[in-house]
Amino acid sequence: MPLHAREKIGRNDSCPCGSGKKYKHCCLPGYAPSVDHVWVRQHEESERLTREITRFALRKFGDRIYEAWQDFNMRDVPKPLEEAGDEPQIFMPYFLFQWNPDARRSTTRGQGGVVARWYMLEKSKQLTAMERMFLEQATTQPLSFYEVVWNEPGESMRVWDVLVGGETEVIERSASRHLRQGDLLFAQIWHQPDLAVFGSMAPICIPPGKKIEVIELRKRLKKKIARQNRYLVPHDLLRYADLIRGTYLDIRDRLFAPPVLCNTDGDPLLFHTLTFRIESAETAFNALAPLAVGRSREELLNGAELSNEGNLLKVDIEWIKQSNRKFKTWDNTILGHIKVSEGLLTAEVNSESRANRLHKEIEKRLGTMAIHESTLVRTLEEIRKNAPQESAEDKELRAADEAMLRDPEVKKQLQAVMQRQVESWIHQKIPALGGRTPLAAVRDPDGKEMVEALLLDWERRDERDVSPNQVRPDIGALRRLLSLEPRHPESLT
């Protein structure tokens with residue numbers, strides 16, 4: 001597997017300190033400049049060159065910047081550039097160094113974009129050796145997805161190229177303050193004399209769980225070169241730059257899309273209340289009681305309200321099915337709630353699919369003895385907005401629950417129940433793993449990487465819940481069950 005290595009400095013190369021002299025006539029005879037000194041000098045020169053070429057681009061191609069923004073986003077009507085937040089951080093390098101409107105359908109890459117070519121043509125006799133080096137790196141190095149291996153905040157980090165492999169230690173003062181082991185970056189690395197830096201980087205930190213999409217991209221790229229019987233190389237990333245950027249855009253858009261909450265069937269949450277006029281509570285109960293799978297008539301009638309004569313006035317029926325396809329340890333799943341009273345039946349479910357199913361069941365079982373009057377549909381946001389303030393009784397119940405969680409024995413029992421449910425995950429078919437179970441996925445290298453990414457993402461989400469007495473699963477136990485290496489604490493080594 002290829003490794004990115006730092007370039008050697010030749011005696012006749014430009015000195016990395018940025019003086020413009022040959023190395024043998026500058027720092028070589030006396031001392032080698034420190035990495036920090038080289039980085040500061042080159043960073044300042046890079047920033048100056050970027051400002052200059054940006055002014056050039058706006059002067060020569062400013063009227064086409066929206067066209068470049070469309071090409072970058074791969075859509076005709078992207079979000080307006082002025083509303084794109086920090087996205088120009090990755091778009092402007094694309095506009096300056098990669099954008100090539102006349103070669104959108106070409107698979108040839110690596111010659112630089114139209115802005116950079118025009119700039120180098122006009123300024124060819126004025127460019128210093130260092131400026132030529134920057135422009136060469138900016139126009140020929142591919143963008144890839146990099147995973148943080150370790151990080152020294154404010155100094156540097158070591159990253160792994162998820163697509164072509166290989167580790168690189170990158171000098172990075174800013175982003176390294178906020179990144180953690182396992183985070184993913186969409187970036188371009190410049191390999192300069194004696195150090196490597198990020199030439200461009202997307203403004204978002206991609207969470208570990210999204211690595212699955214990058215691995216799927218890697219598999220697609222490998223298929224494209226499968227007949228050549230070789231590893232992926234950086235040139236391949238240049239050739240398929242649009243495909244790689246498309247994956248970044250998909251991840252970016254999903255990260256900023258509002259979350260879609262689903263029930264245990266995988267259906268989006270949409271709360272339905274169905275109302276029917278009925279002739280008899282007793283008749284409705286007899287017809288619908290079988291929907292409560294596993295509950296006897298006597299159990300259902302325990303909480304019912306009866307008249308003095310013993311006639312049924314009110315009863316609640318839970319719509320239940322056996323087991324749960326998502327949580328294998330569950331004996332049953334409550335699909336909805338039905339309330340029956342004299343003349344009226346109301347049913348509540350949390351998805352459109354369940355509402356349609358229950359509507360058909362009621363009409364099939366009651367026929368003309370039930371007349372549908374209305375269906376009220378509400379989103380979770382609407383329910384929250386109109387929810388009554390917490391009552392004194394509710395506050396008391398919540399306080400009792402919190403007090404119960406402070407009991408070590410109760411907490412231990414809850415922990416054990418949760419752990420059994422969590423450990424059943426390794427036997428569940430996971431859509432993100434292509435419908436495989438984690439136990440099956442870890443048998444191949446790509447699947448193993450995917451499972452490890454999911455586990456790390458799971459741990460990250462648990463960390464965000466800082467509720468007192470929170471019961472958390474032991475993810476390390478899952479790693480042991482899957483024969484994965486234990487996760488090492490984040491460190492600098």
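**A cavity, a helix and two cysteines**

By class, six nonpolar residues, two polar residues and no charged ones make up the lining of the largest cavity. The model described here is predicted. The residues that line this cavity are S46, L49, T50, F97, F134, L135, A138 and W190. Two helices, α1 (35-61) and α5 (129-140), each supply at least two residues of that lining. The volume of the largest cavity is about 30 Å³, and the count of cavities of 30 Å³ or more comes to one.

Further along the chain is helix α14. It covers residues 408-423, 16 residues in total. From its first C-alpha to its last, α14 reaches 22 Å, close to the 22 Å expected at 1.5 Å a residue. Within α14, the residues V410, Q419 and V422 are buried. Seen down the axis of α14, the buried residues fall within an arc of 165°, so they line one face of the helix. On the other side of α14, K412 and R420 are exposed. An α-helix has 3.6 residues a turn, so residues three or four places apart point the same way.

The cysteines remain. How many disulfides does a search of the whole structure find? The search finds zero; a disulfide would need a pair of cysteine sulfur atoms within 2.5 Å. As for exposure, C205 is partly exposed, with a relative accessible area of 38%. C262 is also partly exposed, and its relative accessible area is 41%.

How values were computed
Residues numbered from 1 in each chain as written. Predicted model: local features only at pLDDT ≥ 70, side-chain atom pairs only at ≥ 80, totals over all residues. Heavy atoms only, no water. Buried < 20%, exposed > 50% of the residue type's maximum accessible area, 1.4 Å probe, protein only. 1 Å grid on protein atoms, 1.4 Å probe; cavity = no way out; pocket = protein on both sides within 12 Å on 5 of 7 lines; lining within 4 Å. Points joined across faces, edges and corners; volume = space filled by probe spheres on them. Helix = DSSP H or I, 4+ residues; strand = E, 2+ residues; numbered from the N terminus. Nonpolar A, V, L, I, M, F, W, Y, C, P; charged D, E, K, R; others polar. Expected span 1.5 Å × (residues − 1). Arc of directions from axis to C-beta.
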